[in-house]
Structure formats: C-alpha cells, structure tokens
Amino acid sequence: MHDACAPKTEKDTRPVAEAPEKRVFIKTFGCQMNVYDSERMADTLGAAGFAETGSPENADLVILNTCHIREKAAEKVFSELGRMRVLRETRREQGGDMMIAVAGCVAQAEGEEIARRAAVDIIVGPQSYHRLPELIERRAGNRGPVIETEFPAAEKFASLPAPKLRAAPAAFLTVQEGCDKFCTFCVVPYTRGAEYSRPVAQIIEEAKRLAERGVREITLIGQNVNAWAGQGPSGKTWTLADLLRALSEVDGIARLRFTTSHPNDMSDALIAAHRDLPRLMPYLHLPFQSGSDRILKAMNRKHRMEDYLRLVDRLRDARPDLALSTDIIVGFPGETDADFEDTMRIVERVHFAQAYSFKYSARPGTPAADRPGHVPEDTKSQRLASLQALLFAQQTAFNSAMVGRTLAVLWESRGRNDGQVVGRSPYLQPVYAEGDTALIGRITDVEIMAASQNSLRAVIKNLDEDAT
C-alpha cells in the first residue's frame with residue numbers, strides 16, 4: 001500500500017514541532033549605504049527564518065558588511081574574521097555551529113583574497129545580498145565558500161522584501177547606487193558598479209511604508225545621489241529635485257535630506273529645491289576633496305575650485321541659513337605645501353559646519369595608487385592636524401552660534417542619562433534635553449542653552465503648543 005494511503009498512527013497525529021528560529025548578527029562598517037544595506041539584509045533573512053541578535057556569540061550566522069573607503073579596510077576585516085573564527089570554534093565545541101559571511105565593498109573588491117586567507121562560508125557583493133537565503137542553502141552543499149558578486153542592482157531592489165518595522169523616527173532610503181565619475185582615489189566604481197537610479201514608484205512606495213511605520217525624517221542616499229535620474233510613472237525621467245518635491249507631499253514625512261552629492265551634479269532645479277521646499281533641511285554635504293585645481297585634476301574630480309565656490313554662493317543665496325559639510329583628502333600623491341595651503345584657504349573662505357578629513361591612503365586597483373610622488377606619512381599627519389584644528393574651530397563656532405536660538409528638534413532616542421532625550425536639529429546637530437521618552441518621534445521647539453564641538457544642550461519650549 002502506498003504511504004499516502006496508509007492509516008495514520010498516533011505518531012502521525014502529534015503536532016509537528018516548529019524548527020527553532022535561527023539568529024543572525026550583522027556588523028556594519030562604514031557609510032550610510034552600508035547601514036541601509038544591513039537593514040535590508042536583516043529584512044531578507046527575516047523572511048527566511050532568521051531573527052536579529054545583538055551578539056555574535058549566540059548567532060547561527062555572522063555577516064560582516066564591509067566598507068572599502070577607510071584605510072586598511074581589508075586588514076580590519078581579516079582581523080574581525082579572526083575573532084569570529086574563534087567564536088565559531090567555541091560554538092562547535094559546544095555542539096553548535098556558526099556560518100560566517102563577508103558582504104559589501106571589501107567582499108566585492110577582494111573576494112578571492114578573502115576566500116584564500118580566511119575560513120568563511122559566503123562572500124557576497126553589495127549588489128547580490130538579496131540572494132543570501134539561496135547562498136546559505138548553496139553553502140550547505142559546497143565544500144568551499146560560496147562567492148556571489150555579479151548581479152545587477154535592478155534585480156536586487158526588485159527582489160527585496162518590504163522594510164521591517166523599526167522603532168526609529170529617522171531612516172535612510174537608498175535611491176541611487178554606483179558612480180560613473182571615476183575619481184582616481186576611489187574604489188566605488190569598481191565595488192558598486194555603474195550609476196543606477198531606482199524608479200520613482202519604487203522609492204515613493206518605500207517612503208510611504210516608512211511613514212506608516214512612524215518615520216518622520218528620510219535621508220535619500222547614494223554614492224552620487226544628486227546624479228539620480230529615475231524613471232517616473234509616465235516613463236519620463238525625473239531629477240532629484242522632482243523626487244524631493246514628490247516626497248515632500250508624502251503624509252507623515254516632515255523632513256528630507258540627501259547625501260552624498262557631487263558638485264558637478266548640483267543643478268539649478270536642485271538649488272531651487274533648497275529655496276522652495278520647507279521640508280528639505282538646510283544642511284548639505286558637498287565634498288570638494290582638495291583646494292588645489294592641480295590636485296583636483298589629478299583626482300579626476302572634473303571641477304575647479306572656482307566652480308565650487310560659485311556653487312556655494314548660489315546655494316547660500318537660495319537658502320541663506322544653509323549649513324555645509326564636506327570631505328577633504330590631504331597628502332594626495334604630488335600634493336605640495338602650496339597645494340595644501342590652497343585647501344586651507346578654501347576652508348577659511350567657506351566656513352563648514354562639519355567636515356570629514358582624511359590622509360590619502362592608496363586603494364588597490366585605483367589609478368592614484370600607482371602614481372609617483374606619494375607624500376611621506378609624517379607630512380600627511382602634520383597637514384591633517386593643521387586642517388582639523390581649523391575645521392574643529394569652525395564646527396565649534398557654528399554650534400556656539402546656536403546658543404540662544406530656537407530650533408525645531410526631531411527626538412530620536414533616549415539620552416545617556418535618565419530622563420534625557422536626544423534628537424537632531426535641522427542642521428543635523430545632536431541635541432540633548434531633559435524630557436520623557438514619549439517625545440521620541442515628535443518634533444518640538446527648543447531653546448539652545450549651551451554648545452560643544454559635537455552637540456547642543458537645550459530646554460524644550462511650550463511642549464503642548466509646539467509638539468508635532
């Protein structure tokens with residue numbers, strides 16, 4: 001008799017025990033893009049039966065979501081992999097196991113080297129992580145690591161599940177990936193690929209879902225976000241300015257930001273958006289990298305400092321209270337003392353509210369890595385120290401100018417101390433105040449009482465009247 005026709009036994013009628021939920025720990029390195037990607041990895045794995053855990057010690061799967069921008073990025077990954085290997089050995093001694101995956105830009109750029117040097121199970125690039133459940137299954141039947149780095153961005157976004165509910169009033173939303181600029185110091189075109197813009201309908205849908213989950217502020221992110229050119233509902237290509245206008249109409253979204261921008265893609269329409277859209281916050285990250293036209297040409301930046309300064313003036317004419325942040329590299333190959341002084345003059349001219357400054361470090365496979373004239377490390381360190389002293393003074397002065405002002409703050413989380421909440425000003429400054437956690441997710445007016453280099457202390461004003 002066929003099994004399907006056999007009479008059921010007592011064993012057949014017992015409830016089938018559910019498989020225990022697996023746990024995934026994701027460690028994120030680097031930029032906002034990686035923060036977004038890690039959240040979407042968790043969403044994808046959640047649909048496959050994995051729950052997030054805050055500790056690798058009890059994880060069935062550990063993912064290192066890597067970034068290739070910082071110095072010695074790959075070596076930091078190998079160091080972390082060594083720690084994860086020890087944890088896995090401990091788990092195995094206890095009768096369990098742990099799968100280890102490396103994701104992100106280091107995986108994309110150096111996947112073969114990772115496979116050669118480290119005992120990992122999965123190596124997955126930033127365009128392929130939507131395939132993680134399939135890769136986990138493939139690894140079970142493979143003797144060596146599974147490497148997946150070749151799928152297009154369009155497939156990834158179309159395949160991702162709806163974002164999971166997360167208790168945060170501010171969220172990142174990726175609208176653009178990749179870069180076609182090919183700056184000679186940068187690995188992004190090689191790790192993230194060519195520029196890809198998500199279509200309008202997909203972005204608006206995700207923004208609405210975020211708003212339904214209590215998100216009040218969305219930051220649109222991309223390696224070159226202001227180059228975004230997505231297909232609109234009628235098939236016509238939209239610009240980032242068009243998208244910002246549409247998103248400003250989404251119910252529940254009170255604040256919009258975007259990062260990171262290239263000076264060459266800051267269009268007239270985008271400048272006008274800073275003037276016309278109250279929900280677009282008066283804070284813009286606009287890297288210039290070097291104040292020397294000679295070095296900018298060597299970097300293949302395709303803009304001159306005259307162009308950058310003219311753009312800054314136009315932006316401030318459109319939005320007088322606009323605060324600017326930037327990226328600066330010191331010690332690029334061939335940089336002289338005169339070139340560095342040009343950078344210092346630009347910083348003095350523009351006055352940045354915040355800045356990210358770095359010593360140049362060679363990235364394997366980039367054109368600048370093989371250039372002659374590498375600057376000695378001690379010279380780079382001296383230049384960086386001088387630059388950061390000026391930048392820190394400007395940041396402190398910008399924050400100090402807020403004392404006595406009334407600012408609208410979006411409260412995001414508990415503070416370090418009991419009875420304290422922390423949020424962000426329109427200028428992205430952390431703001432601390434005495435207040436109940438019921439404020440999280442609300443926007444209130446505050447009076448700024450004190451300032452430091454990195455944050456503001458405030459008192460909430462007229463809570464019942466102002467809270468939104």
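Buried, for this talk, means under 20% relative accessible area. The model I am showing is a predicted one.

Take helix α8 to begin with, residues 200-212. By that cut-off its buried residues are Val200, Ile203, Ile204, Glu206, Ala207, Arg209, Leu210 and Ala211. The elements that cover them include α2, β7 at 170-174, β10 at 217-221 and α9 at 240-247. Helix α8 has 13 residues and spans 18 Å from its first C-alpha to its last, close to the 18 Å expected at 1.5 Å a residue. Just after α8 comes Gly214, with a positive phi of about 95 degrees.

Two residues of α8, Ile203 and Ile204, are in contact with Leu243. Leaving aside neighbours within four places in sequence, Leu243 is also in contact with Val175, Leu220, Trp228 and Trp238. Leu243 belongs to the largest nonpolar core, which has 67 residues. The members of that core touching the most other members are Ile218, Leu220, Leu243, Leu244, Phe258 and Met266. Which element gives this core its largest share? That is α12, with seven residues. There is also a second, separate core of 23 residues, and Met41, Phe50, Met99 and Ile136 are among them.

Met41 and Ile136 come up again where two helices pack, α2 at residues 32-46 and α5 at residues 132-140. The axes of α2 and α5 are 9 Å apart, and the packing angle is about 65 degrees. On the α2 side the residues are Met41, Thr44 and Leu45, and they meet Leu132, Pro133 and Ile136 of α5. Five residues of this contact are nonpolar, one is polar and none is charged.

Now back to α12, residues 305-318. This helix has 14 residues and reaches 20 Å between its first and last C-alpha, close to the 20 Å expected at 1.5 Å a residue. Buried in α12 are Met305, Tyr308, Leu309, Leu311, Val312, Leu315 and Ala318. Those residues pack against α10, β12, α11, β13 and α13, the last of these at 337-350.

The packing with α10, residues 268-276, can be described in detail. The two axes come within 8 Å and cross at roughly 35 degrees. From α10, the contact uses Asp268, Ile271, His274 and Arg275. From α12, it uses Leu311, Arg314, Leu315 and Ala318. By class, the contact of α10 with α12 has four nonpolar, one polar and three charged residues.

Next, the sheet. Three strands make an open sheet in the order β12-β13-β14, with parallel pairing. Why is one side of β12 and of β14 left without a neighbour in the sheet? Both stand at the edges, so each has a single partner strand. The twist from one strand to the next averages 10 degrees.

β12 is joined to β13, residues 323-330, by three bridges. Along that pairing, Leu284 stands opposite Leu324, and His285 stands opposite Ser325. On the other side, β13 pairs with β14 over six bridges, and there Thr326 is opposite Ala355.

Are the residues of β13 buried or exposed? Eight of its eight residues are buried. In a regular strand the side chains alternate between the two faces of the sheet. Here Ala323, Ser325, Asp327 and Ile329 point one way, while Leu324, Thr326, Ile328 and Val330 point the other way.

Some of those β13 residues also touch Gln289, which sits in the loop between β12 and α11. Setting aside residues up to four places away in sequence, Gln289 touches Phe185, Met299, Arg301, Asp327, Ile328 and Ile329. Gln289 has 8% relative accessibility, so this residue counts as buried.

Last, the barrel. Five strands close in the order β15-β16-β17-β19-β18, and the pairing is mixed. The twist here averages 55 degrees from one strand to the next. One pairing in the barrel is that of β18, residues 443-451, with β19, residues 456-460. These two run antiparallel and are joined by five bridges. Ile448 has Ala458 in β19 as its bridge partner.

That is what I have on this model.

Terms used: Residues numbered from 1 in each chain as written. Predicted model: local features only at pLDDT ≥ 70, side-chain atom pairs only at ≥ 80, totals over all residues. Heavy atoms only, no water. Axes fitted to C-alpha atoms, helices over the stretch in contact; angles between N-to-C directions. Helix = DSSP H or I, 4+ residues; strand = E, 2+ residues; numbered from the N terminus. Contact = heavy atoms within 4.5 Å. Nonpolar A, V, L, I, M, F, W, Y, C, P; charged D, E, K, R; others polar. Buried < 20%, exposed > 50% of the residue type's maximum accessible area, 1.4 Å probe, protein only. Pairing = 2+ DSSP bridges. Expected span 1.5 Å × (residues − 1). Core = buried A, V, L, I, M, F, W, Y, C linked by side-chain atoms within 4.5 Å.
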